[in-house]
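Student: I should like to go through this structure with you and ask, at each step, what justifies the terms that are used.
Tutor: Please put it on the bench before us, and we shall set each value against its definition.

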Amino acid sequence: MTLRERVGRIVVGVARQALADSGADALILLDDGSPEALLARDWCTEAAGPLFLAVGREALGAGEMRAILEARPGWREQAGGPILDLDALAAEGRRLDARLRAAAMAGGALLANPINKTALVLSAAGPPEPLLPLGDLWATDVRELAGGYSLPTTIRALAENVGGIDALDGALRACIDERRALEEALAPLADPARARVQGALVAARFARRRVGLVPKLGPRTPGIDLFA
Amino acid sequence: MRLAILQNAPVLGDLRANAARIAASARAARADGVDLLLTPELSLTGYDLGDEAALLAAPVRPGEPADFAPELAEAGDVVVGLPELGGDGVVYNTAAHLASGRVLFRHRKRYLPTYGMFDELRWFGCGRRIDAYDWRGGWRIGLLVCEDFWHPALAYLLAVQGINLLLVAAAPPGRGVLIAPHAEGDGLFASAAVWERMARTTAQLYGIYVAMAIRAGVEGGATFAGGSLIVGPGGDVLARAPEAEEALIAADVSLAELARSRRPYAHARDEDPAWTLAELTRALAATSSSPSRPPDAGIGDPRSRPEATS
């Protein structure tokens, strides 16, 4: 069994159970085209089958909207009443996207955000989505599984300043997965970026206390055995 | 004797549904010649109950009908797990051997993991006794629940009481998915190798059968490992369930085979529990009275040392 197969089996199982437990009628992945989203798309599709939809984070195109509204006629009304042509639908993209999110949060669908663990533990404003299928995979794990990774601009800059993503993930693994003291774990990082990583970890504590559901893969998983 | 393990994935909090499913499996197993069916920890309720454990808890009284699961009245001999409401009002994490709908024996989990992802001491009280019990056909059985098995003194206490079969009802989440390649095997979880080592070592050291039921399924972000085992008294694996999915496995076990496996060795014969007790008493007294030894230097919680409890 390959690493990707092993990880996929766990993520699919957790996503499938989350869909059942939530009573949702769909699993929506916020698909930004990142390597994380490509991985998550495969696994969410396997977990949810015809109940899976991928939705762009920024806005919906006409084709996406057509697909969604044809698959879920009942959502047309929630999304703004009867709309007769797709060009108009495309123009309503952002508002419809927001309404879809609102409808999902109200119980109609389960939203999944493909954020990786590196971004999750360093983000002071964590993602509000209730399912984070890749939340226990470091960016370097995603790189091994998908050939690349993505990070928010600020965290990518942080990684570059400390010597690259391998150095940053190495320090975070030492601190979080191996439970080493923060100073010891961050010691290999270059100054002054080391202090910024430490600051980001501290600033993200509040967000880490209320993360969505993360399939447990590593020794210390946000929301399961990493609480602060 | 034919021994089976049902590796189930309980529906969290739905005792009725889980009891019905176990009863159906037990009926099928009996039709297949199975004499005793072991199920995992908290198999009637699921694991991550939180404070719902107190709402689901039911009395489990040896010798009395198993009113908490009437579905199992015709299920023959089956070991199930559930939150028990003790006569003292405390809720215990209990495994119970039911025989034709009556409670033959119960074991209250002694060691409740409360670290990392585990929170059991918030919801359960600790059992205080480790007893063996007799079953038909000359079988003498010990029953442990999950974390109990990580404390070798408990298996030892049961071995001293003459067990020839150790039943372990467990619900460990799978760990080590990202460790690749695994040190042992190509399975889903690196942690499965640890459980297998414990089961095989315990069986061989004491010359007993070990049956270890590990639940499957998912609760929240945790995936339960599966990989249940029936191990012979020579440490050989007689039956193995797949990882992380529901399964029913079985193996034939016999006292004659057990006696044969002990014959070349004298470990069980030579064990000297009275000497062990005397040495343990001496070691604990020496540890607690040593001025140079910090209170947390030995094995065990300092609060449980003799001077703290006397």
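**Salt bridges, burial and the interface**

Tutor: Over all chains, a search of the whole structure finds 29 salt bridges. Please bear in mind that this is a predicted model.

Student: What makes the pair B:Arg2 and B:Asp252 a salt bridge?

Tutor: The N to O distance between their side chains is 3.1 Å. The cut-off is a Lys or Arg side-chain nitrogen within 4 Å of a carboxyl oxygen of Asp or Glu, so the pair qualifies. B:Arg2 belongs to strand S1 (residues 2-7) of chain B and B:Asp252 to strand S14 (residues 247-252) of chain B, so the bridge ties together parts that are 250 residues apart in sequence.

Student: Why is B:Arg2 called partly exposed, and why is B:Asp252 called exposed?

Tutor: The relative accessibility of B:Arg2 is 21%. Buried requires under 20% and exposed over 50%, so B:Arg2 falls in between and is partly exposed. B:Asp252 has a relative accessible area of 56%, which is over 50%, and therefore counts as exposed.

Student: How do you know that B:Asp35 and B:Arg136 form a salt bridge?

Tutor: Their N to O distance is 3.6 Å, and this lies within 4 Å, so the rule is met. The pair links distant parts of the chain, 101 residues apart. B:Asp35 is in the loop between helix H1 (15-31) and strand S2 (36-38) of chain B, and B:Arg136 is in the loop between strand S6 (132-134) and strand S7 (140-145) of chain B. B:Asp35, at 26%, is partly exposed, and B:Arg136, at 45%, is partly exposed.

Student: What is the N to O distance in the salt bridge of B:Lys109 with B:Glu41, and are these residues buried or exposed?

Tutor: The closest N and O atoms of B:Lys109 and B:Glu41 are 2.7 Å apart. Both B:Lys109 and B:Glu41 are buried. In chain A, salt bridges that share partners join A:Lys117, A:Asp136 and A:Asp177 into one network.

Student: How many salt bridges are counted between chain A and chain B, and which residues form a salt bridge there?

Tutor: The count is 1 salt bridge. A:Arg9 pairs with B:Glu245, with the closest N and O atoms 3.2 Å apart. Helix H1 (residues 3-22) of chain A gives the most to the side of chain A that touches chain B, with 8 residues. That side divides into 12 nonpolar, 3 polar and 6 charged residues.

Student: What is the extent of the interface between chain A and chain B?

Tutor: Chain A and chain B bury about 1,700 Å² between them, with 61% of it on carbon and sulfur atoms. A:Arg6, A:Arg9 and A:Lys216 supply 34% of the area that chain A buries against chain B, more than any other three residues. In terms of contacts, 21 residues of chain A meet 20 residues of chain B.

Student: A:Lys216 also has a polar contact within chain A; what makes its pairing with A:Thr221 one?

Tutor: The two side chains make this contact at 3.2 Å, and the distance limit for N or O atoms is 3.5 Å, so the value lies within it. A:Thr221 is found in the segment after helix H13 (205-208) of chain A. A:Thr221 is at 0% relative accessibility and therefore counts as buried.

Student: Which residues of helix H9 (residues 153-161) of chain A are buried, and why are they said to be on the same side?

Tutor: A:Ile155, A:Leu158 and A:Ala159 are buried. They cover an arc of only 100° around the axis, which puts them on the same side of H9(A). On the other side of H9(A), A:Thr153, A:Thr154 and A:Glu160 are exposed. The buried residues pack against helix H7 (117-122), helix H10 (165-177) and helix H12 (193-203) of chain A.

Student: Why is A:Ile155 called buried?

Tutor: Its relative accessibility is 5%, which is under 20%, so A:Ile155 counts as buried. Not counting residues up to four places away in sequence, A:Ile155 touches A:Thr118, A:Ala119, A:Leu122, A:Ser123 and A:Leu168. Across chain A, 51% of the 228 residues count as buried.

Terms used:
Residues numbered from 1 in each chain as written. Chains lettered and ligands numbered in written order. Predicted model: local features only at pLDDT ≥ 70, side-chain atom pairs only at ≥ 80, totals over all residues. Heavy atoms only, no water. Contact = heavy atoms within 4.5 Å. Buried area = accessible area lost by both parts, 1.4 Å probe. Helix = DSSP H or I, 4+ residues; strand = E, 2+ residues; numbered from the N terminus. Nonpolar A, V, L, I, M, F, W, Y, C, P; charged D, E, K, R; others polar. Buried < 20%, exposed > 50% of the residue type's maximum accessible area, 1.4 Å probe, protein only. Arc of directions from axis to C-beta. Polar contact = N/O pair within 3.5 Å; in protein donor to acceptor, adjacent residues only side chain to side chain.
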